[in-house]
Every structure is written in structure tokens, then in C-alpha cells.
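Work through the exercises below with the sequence and the model open. Each task is followed by a solution in steps.

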There are 2 protein chains.
Amino acid sequence: MDERTLIKDLKSNPDKEVTIAGWVHSIRKQGKITFVILRDRTGMAQMVTEGSEIKKHDIRNETVLYATGMVSADYRAIGGFEIKLSGIEVISRPVKTLPIIVNDKADFQKLELETMLNNRVLSLRNPVRNVIFKLQAEIIDSFRTFLRDHGFTEVCTPKIIASGTEGGTQLFTVDYFDRLAYLAQSPQFYKQMLVGAGYERVFEIGHVYRAEEHNTSRHLNEYVSLDYEMGFIENEHDIMDVEELFIIFLFNRVNENLSPILEQYNQTLPVPKKIPRLPVKEACSILEKEYGKKMRSYDLDPEGEKLICEWAKKQYSTELLFLTEYPASKRPVYTMPMEANPDFTRSFDLLFRGLEITTGGQRIHDYQMLNDAFKSRNLDTADFDYYIDTFAYGMPPHGGLGTGLERLTAQILGLLNVREASIFPRDRGRILP
Amino acid sequence: MDERTLIKDLKSNPDKEVTIAGWVHSIRKQGKITFVILRDRTGMAQMVTEGSEIKKHDIRNETVLYATGMVSADYRAIGGFEIKLSGIEVISRPVKTLPIIVNDKADFQKLELETMLNNRVLSLRNPVRNVIFKLQAEIIDSFRTFLRDHGFTEVCTPKIIASGTEGGTQLFTVDYFDRLAYLAQSPQFYKQMLVGAGYERVFEIGHVYRAEEHNTSRHLNEYVSLDYEMGFIENEHDIMDVEELFIIFLFNRVNENLSPILEQYNQTLPVPKKIPRLPVKEACSILEKEYGKKMRSYDLDPEGEKLICEWAKKQYSTELLFLTEYPASKRPVYTMPMEANPDFTRSFDLLFRGLEITTGGQRIHDYQMLNDAFKSRNLDTADFDYYIDTFAYGMPPHGGLGTGLERLTAQILGLLNVREASIFPRDRGRILP
């Protein structure tokens, strides 16, 4: 078999014979000739042949084949080139009727979420859906590239753990030989420990698990968290500074490399210069004053997050907003309190187009203060010895954050349900496929 | 506080005043003056001051501090520069006696594995131990960079699954709301499905879980698998070709960027030109003829792997060896059989310095053949519908592999136990820290 040419490289091969390979996307008869669109991982190409050839080889939609032919420029063809077929080798045929239509854009848009997820492999073959995870891969790579360039070390921390990060609620249990273990809700404790182990700056891209009962468009029970943690900081603003730079880096890269994907979703991705930082207390005043919405205990519900983003867009022309200084009662035990008013903390969320995508903050690094914090919440410090002990041997001021990969992906493309941005989502009712 | 200078950048600041920050590695009095070695994430630096300053600030080993002073070249000092201290700001003090010695190289080498792992944060502060995971991060990044450059898409597949990859054994169970689920042994099914979803070439860096009872120096119950899977291949040799290129890429990069780490472990990393490919049947004949070792049913035990690597080193001057064409009985159900003799398969392992680090092969892509394969092993195809169904709608020939990140790390550095190459290892007896 001849060396395979990728469809994206047809433009470098005008008037040459090439062999391409992929899935048959569509077949259209026009009198004696037939147009076949072939789809590979890099794009789609129009091939032209006689109808009898299609019949002879019994070619249907989603047949996998190698196709050989001469490339010629044709402005009417997708991608601007057409292949006049001289040879076909079928390598795999559909043996069942397709349960969903792969190639119909209009129909695809109407596809119910459940049908789409039940037929995940086929629904991902649709080019519009397929690119979601090419964008996601670009986000992952941007996160890694950016942080490595800023002196961070990538780490892989355990997901099977002996006790929860925040005290035992919302944990999945694992039968671990003769004892009970849990699935990690976040790499929180471990990334802090690794700051203290001398790495100072660490990041992780890994799964986290939340046994939350609620089944909303914003929640997954297994998702990918983009985490970093850094030592020798002044306060939580250092953490936000790094995230701000990352967002700028990411958005620039997406605009540069993946603008066709944004176009497919009718999205633009304006690159912020700065991301405003607004104490949550002030956000609550604004919500009350501007929208007549009263929030309990200085925290925002999903509607509040949407409204404050609306406000910020009008006020600052920004789609991104840091909310800062959350009340201690709403944040985990290890969150650093404000000196001036310890009922509030050095913490923040990042909202993007109405949705919280990041939670972060400065952490307590003083051994005694951390012990007291655990006790004040009636948590048994013995369960967390392996973590708290880290702070007894010299620990720099530090902080970090976790960003939901699927949420970030969904917000960039304007997807309505975070499940669309999870390749095989896990929720209350779904562990298949 | 002045802007912090990293210790690696002292050489760019001769005769300037800088502020560095880190952990006190050691303190050595010499008459009225005292030498303090400070350690940050980039290296160690010698600082000199009067003994009274150390006493005044109550500075001990592992105290975290900011230190300001003038940089001067001094060939006797570690790194070639010394800082004459003019200011010290302590930011965190050890409040308990160190349970292990962090800075004693001789003692460190004697540290029992269990003690080392029980005191993981402190044992990782020792620079010799610390660099293991800097190498590991470089392996991860090399894998990703190499595969992205070869048209692979990074994916994140679920670890909570409804049924095992290889039929239900050795799986950890998870209590998933009102039903039982499992932790994925490998991303095998999902990466194949994503080849079929049109990505053609995918890779994943993620945790996998093996509920194996045995507690050896080569096994972990949670480890990181470097996986890839690629479509439109001729046969399993295409998969090995890619791994060969990856190994060359990785070894070159480690030699270029991390040769000081190799030196610390007295290791060299010769870059192979080619990696020999030896059918396992022949390997067994060689073992019998050369070493009088008889292997049962064409499979190698750990001693056999060591011996065949010894032989390959003598024969081909190689530390890497592909063993190929494993018997079908020793490989998973989805492995592609050889046409000529279906008792053997298009599969391979990669051995490196006596240890298997990779398992891979071509997979069955024909729907009927796969169904038959499941049935011939008395597996209920209904449990695997979500996977097998993928093959009913056009699937290219494909294959892939999984490499154990910790094993690869350990073999590069000559570590005797794979646990040393897992940042927080999980085994039969350990889920802490």
C-alpha cells in the first residue's frame, strides 16, 4: 500500500497521485458520477468516481477505506481540492445500521444529550462535536507549557486516599484489600505537601471525584482538575496573578491555533489585559442594589454568579471576574484567614461567562494555626496527621487553585451542559459507556 | 521584601545584593563565622554570617527564611558563589524534632524504604531523592511533546467503569451511589473507542489500578500509565516503531537536560539506534540453550526477563529489547492473533535493563472476530456491549501500548524498588501518606 497522505496535506500535492484513508462521511450521486466525502483526523476531502465503483465495493457511510487518486484543485470542493479516484481498498465495513446520523449537521444539533452520550463514539465522529476534545487537549497542553515555563514541576499524586480533604463528606468509598479507602476529591493535601517537599511549585492534571448527589448541567462526579500550588508567596494575589497570565496565554493560543473551532461554535475569545478582583461582600451589595437579589452569608448561588458576570461585563467589558475574600464558613479548613477579619479568607473564585471555573486561595502554613483550625471545626486531627505533620518542619507561605477542565472547555465554546465537554462523563446515573 | 532571586541565577548576579529564599540545609560554625547552606527548588547556596546572627534568629536545619546579601564568586562554595549575609527574615520554623536527617547523604542512603516513605515530605527534601520526580516530570513532558508532534490527541478517559478490561479479576470496587463500579485497570477500551471516534491517534497519561495481592519491588496497586493507541496501522511493528522513536527522543532529552541527575545516580543513558525485536518463542530457546532455564508456555518470569536482557546486551549491546509474538493464552482477549498461527499474537513487551516496562500490540478490529474472541473465553459480551459495539460501525486496524511511568523512571536511575519512583506509592499495605 502506498504511503498515506493526510487530508490536511492535499494542498501540498496538487496534480499528484496520493492515497488517503478514513471514514466515508457522505455519498452523493450525480448522474453517472458519485461524490464521496472522506473524513480523517485532519479534515474532509471530496473524491469523485463512477457510481459503479461505489456499488462494486459496497461503500456506505462510515465504511473505512484507503483511496488512491489524482489531486486537483477545485474551488467547489471542501478544502479546495478534489481526488479523482483510481483505486479503493475497503478495510472495515459497518455491520449494523447506524443508530444516529453522523454526518447531518442539522440533525446533530437536535440530538438529545442522552442519545449523544449513549452513542458517544459515533456522535464524536461528527466534526463539530469532535473538535471539542481537540480544544480540550490544547487547554491541557497550554496549562502544562505555561506552568513548566514558570518553574512548576508536574506531579502525579494518589487518588486512593485514607481520608478526605474536607472531612469525609461527598467521598466515594473503595474496597482496598481489607480496608476502606476513598477516591480523592482533590489533590489539595498532596500538592501542599509537595510544596513543602522542596518542589515549591507543582501542578497536576488529574481526575478528581465528588460523590455529590445533585445532577445539574454544571456537575460531574468524575472530572479533570487543573491544579497548581506555589510557595514563597506574599498572599492570594500572587496565585491570581499566575492564573491571569495563564488565561492570557491560553486565550492567545486558542485564537492563534484553533480559531476555526471557535468559528464553528460562533464564539470569539477576547483576551483580557487584567481580570478584575472583587470582594464577594461587594459583589453581594451590587447584586442587591442592581438586581434586587439578596444573597445569604456572602456566597453566590448560580444565578448570582450569572448576574455578577453580567454586571462585570457592563462595568469592565470583561467576561472574567475574580471574586475574593470569601467567608471562612464557606471555605475549607486550611484556608488562610484575613488578618484584619478572620471571618473572611484569602480565597477566590474565578468566574467565566457566568460560571465558577476555579477555586483557590492562600493556605494556612503555620503548624499551630492549622491544628487550631481543624479543632475549631471538630475535625479529628489524628485522621490528618500525615498532612498536618508536614507543617511542623518548616513550610513557606503558599497557595494554589483548581480549575475544572470540562467547565473551562464548555465556557470557551458556549456548551450548555458540562457533560458535552467530558469525553465519557460520569454522573449520578451514568457510568456507561 | 526585595524580589527573590533563585539560587540557580546567582551566577548572573556577581557583586550584587540579592534576596534568596528556601530551607536551611545545614549550618557549620568556623570560629566566629558560620556557613549556612540554603536550599531552594533550583539548588543550594552557601551563605556566610556571624554566629551571633544564627543564634539571634534561632536558625536551625529546615528553617524557612529569606536571606539578603552580597554575591561573590568563591570556587570553594557549592555552585561557585557565596552570599555575605546582611539581612535574614525567618518565615517558618520547625516546631518538632526532625524524625529523619534530611541533609546527610551517607545516612540517607541507608534510610530504610519504609522509613523513607513514612516520612515522604522530609525524605524528598534531600536533593538526591528530590530529583527523581524532576526526571519523572521530564519523562511525562517528553511523552506528551513527542506524541503531539506525531499527530496524537491527548485524552482523559474515565477511571470509574462499569466492567473490567480483562474480565473482572484484579479490580478494585467502588461504591458508586446505588450500584457497584470498578476502578479502571487501564484505559484500553476507551482509547480504542477514541481511535474509532475519529481521533485515530490518542494518548493518555493517567492513573490505573490493579488490585493484585502480590507485594513485590516491581508492583504498585496504583500507578501512572503512559498510553497511546493509533489507527490505520499495518501491524504491531508500527506501534513498536513509534515507541522506538519515543525512547530515542526521551533519552536524548534526558541526556541533554538532566545529565546531572544521571550523574548523581551513577547512570549513563546510551541512546539506542534500533531496538531489537525477538519473538518470545526464540527468547525461550535462548534461555534454555544459554542459561539452562526452561520457561513454561512461552512466557518469561522476572528472572527470565533479566537473563534475556543480559543476553541481548552481550549480543546486540542493547539495554532495550522488544519481545514479540506472545502466545494468545497469555494476552488479553482483544489481542490480534497471527494469521499463520492464531495461538500466537501480534503483541509485544518492551524490556529495559531486565524489567518489562511496556505491554502493547495490535488489537482485533473486526466486529465478528472480536465477538468470537470474547465468546471463546466464556466472557459475557453483554457486559462489554459499549465497547464491542464500537466495532460494528467501521474501525481501522489499530494498536497501542501502555508503559509504566514509575518503572521507566526507576530503570533510568537504577532504583531497586519501583516505590522509590512513586511520589506517594500505594501498595497492599500502604495508603498513607
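The exercises cover the relation of two chains in a predicted model, their interface, the domains and some backbone details.

**Exercise 1.** Determine what relation links chain B to chain A.

*Solution.* Start with the superposition: a turn of 180° with a shift of 0.0 Å along the axis lays chain B on chain A, and the RMSD is 0.0 Å. The relation is therefore that of a two-fold axis. Next, locate the axis from the side of chain B: the C-alpha nearest to it belongs to Val174(B), at 2.3 Å. Finally, compare the two contact surfaces: 100% of the contact residues of chain B recur in chain A, so the same surface serves both copies.

**Exercise 2.** Describe the extent of the interface between chain B and chain A, and state which three residues of chain B supply the most buried area.

*Solution.* Count the residues: 98 of chain B are in contact with 98 of chain A. The area buried between the chains is about 8,200 Å², with 61% given by carbon and sulfur atoms. Then take the contributions by residue: Phe177(B), Tyr393(B) and Ile431(B) supply 10% of the area that chain B buries against chain A, more than any other three residues.

**Exercise 3.** Set out the polar side of the interface and the make-up of the surface of chain B that touches chain A.

*Solution.* Begin with charge pairs: there are twelve salt bridges between chain B and chain A. One of the salt bridges joins Arg144(B) to Glu154(A), with the closest N and O atoms 3.2 Å apart. Counting polar contacts with both residues at pLDDT 80 or more gives 50 residue pairs. On the side of chain B that touches chain A, helix H5 (residues 127–149) gives the most, with ten residues. By class, that side divides into 51 nonpolar, 17 polar and 30 charged residues.

**Exercise 4.** State how far apart the centres of the two assigned domains of chain A lie.

*Solution.* Take the bounds: domain 1 covers 7–92 and domain 2 covers 131–421 in the domain assignment of chain A. Their C-alpha centres lie 47 Å apart.

**Exercise 5.** Find the cis peptide bond in each chain and a positive phi in chain A.

*Solution.* Recall the background: most residues other than glycine have a negative phi, and most peptide bonds are trans. In chain A, a cis bond joins Leu432(A) and Pro433(A), with omega about -10°. Pro433(A) lies in the segment after helix H14 (405–413). In chain B, the bond from Leu432(B) to Pro433(B) is cis, with omega near -10°. Pro433(B) is in the segment after helix H13 (405–413) of chain B. For phi, Ser317(A) has a positive value near 50°. Ser317(A) sits in the loop between helix H11 (302–316) and strand S13 (320–324) of chain A.

Technical notes:
Residues numbered from 1 in each chain as written. Chains lettered and ligands numbered in written order. Predicted model: local features only at pLDDT ≥ 70, side-chain atom pairs only at ≥ 80, totals over all residues. Heavy atoms only, no water. Domains from an automatic or database assignment. Least-squares fit on C-alpha atoms with pLDDT ≥ 70 in both. Contact = heavy atoms within 4.5 Å. Buried area = accessible area lost by both parts, 1.4 Å probe. Salt bridge = Lys/Arg side-chain N within 4 Å of Asp/Glu carboxyl O. Polar contact = N/O pair within 3.5 Å; in protein donor to acceptor, adjacent residues only side chain to side chain. Helix = DSSP H or I, 4+ residues; strand = E, 2+ residues; numbered from the N terminus. Nonpolar A, V, L, I, M, F, W, Y, C, P; charged D, E, K, R; others polar.
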